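Here is a note for a colleague who is meeting this structure for the first time. Please read the numbered points with the model open beside them.

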Amino acid sequence: MDKFDTVPNNIISNKDLDYLKDSFGWNYVLFKNILDNSKNVKDKKIQDFLKSCSNFFYENMTIILNVLGGNINE
């Protein structure tokens, strides 16, 4: 068996974990700020745009939690 045919272990390095934590934090702050500030927007097009942005950041947080084996609803 060739050494490249093996499947890697399910391990996340400390450096990777730090990056994932930072990335989750950035996405959470943006998600929360958009939700908080969108309440003051009257223009429907801007509201729709902000909603799509908040969905984007929420999806990113979900992906990060799935990599870590967590659940966003926990």
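1. Asp-48 is a convenient place to begin, and this residue is found in helix α2, where helices (H or I, at least four residues) and strands (E, at least two) are DSSP runs numbered from the N terminus. Asp-48 is partly exposed, with a relative accessible area of 41%; in this note buried means under 20% relative accessible area, exposed means over 50%, and partly exposed is in between, with a 1.4 Å probe and protein chains only. Ten residues away along the chain is Ser-38, and the C-alpha atoms of Asp-48 and Ser-38 are separated by 9.6 Å.

2. A word on the basis of these values: this is a predicted model, in which local features need pLDDT of at least 70 and side-chain atom pairs count only at pLDDT 80 or more, while totals for chains, interfaces and linings use all residues. Residues are numbered from 1 along each chain as its sequence is written, and side-chain values use heavy atoms, with hydrogens and water left out.

3. As for the overall picture, the secondary structure of the protein comes to two helices and zero strands. Of its 74 residues, 18% count as buried. The protein exposes about 6300 Å², of which carbon and sulfur atoms supply 56%; accessible areas come from the Shrake-Rupley method with a 1.4 Å probe, and for residues only the protein chains shown count as cover. Among the contacts (heavy atoms within 4.5 Å) with a separation of 6 or more, 53% are accounted for by residues 24 or more positions apart.

4. Asp-48 also takes part in a salt bridge, its side chain meeting that of Lys-44 at 3.0 Å, N to O, where a salt bridge is a side-chain nitrogen of Lys or Arg within 4 Å of a carboxyl oxygen of Asp or Glu. Lys-44 and Asp-48 are four residues apart in helix α2 (residues 44-68), and are therefore separated by about one helical turn. Lys-44 is exposed, with a relative accessible area of 54%.

5. How many salt bridges does the count come to by this rule? The count comes to two, and the other pair is Lys-32 with Asp-36, whose closest N and O atoms are 3.4 Å apart. Lys-32 and Asp-36 are four residues apart in helix α1 (residues 14-38), so that about one helical turn separates them. Lys-32 is partly exposed at a relative accessible area of 36%, and Asp-36 also counts as partly exposed, at 31%.

6. The span of α1 can be checked against expectation, which is 1.5 Å times one less than the number of residues in the helix. For the 25 residues of α1 the expected span is 36 Å, and the end C-alpha atoms of α1 are 36 Å apart, which agrees.

7. Which residues of α1 are buried? They are Leu-20, Ser-23, Asn-27, Phe-31 and Ile-34, and the buried residues of α1 pack against α2. Asn-27, for instance, has a relative accessible area of 8% and, leaving aside its neighbours within four places in sequence, is in contact with Phe-57, Asn-60, Met-61 and Ile-64. Phe-31, with the same neighbours within four places left aside, is in contact with Ser-54, Phe-57, Tyr-58 and Met-61.

8. Seen from the other helix, Ile-64 is found in α2 and is buried, with a relative accessible area of 7%. Not counting residues up to four places away in sequence, Ile-64 touches Leu-20, Ser-23, Phe-24 and Asn-27. Although Ile-64 and Phe-24 are 40 residues apart along the chain, their C-alpha atoms are separated by 6.6 Å.

9. The largest nonpolar core has seven residues, namely Phe-31, Ile-34, Val-41, Leu-50, Cys-53, Phe-57 and Met-61; such a core is a set of buried Ala, Val, Leu, Ile, Met, Phe, Trp, Tyr and Cys residues joined through side-chain atoms within 4.5 Å. Helices α1 and α2 each supply at least two residues of this core, and α2 gives the most, with four residues.

10. Finally, a nonpolar surface patch of about 400 Å² is made by Ile-12, Leu-17, Ile-63, Val-67 and Leu-68. Patches are made of residues with over 30% relative accessible area and no salt bridge, like charges being joined within 9 Å and nonpolar side chains (Val, Leu, Ile, Met, Phe, Trp, Tyr) within 5 Å. Helix α2 gives the most to the nonpolar patch, with three residues. Ile-63 lies in α2 and is exposed, with a relative accessible area of 53%.
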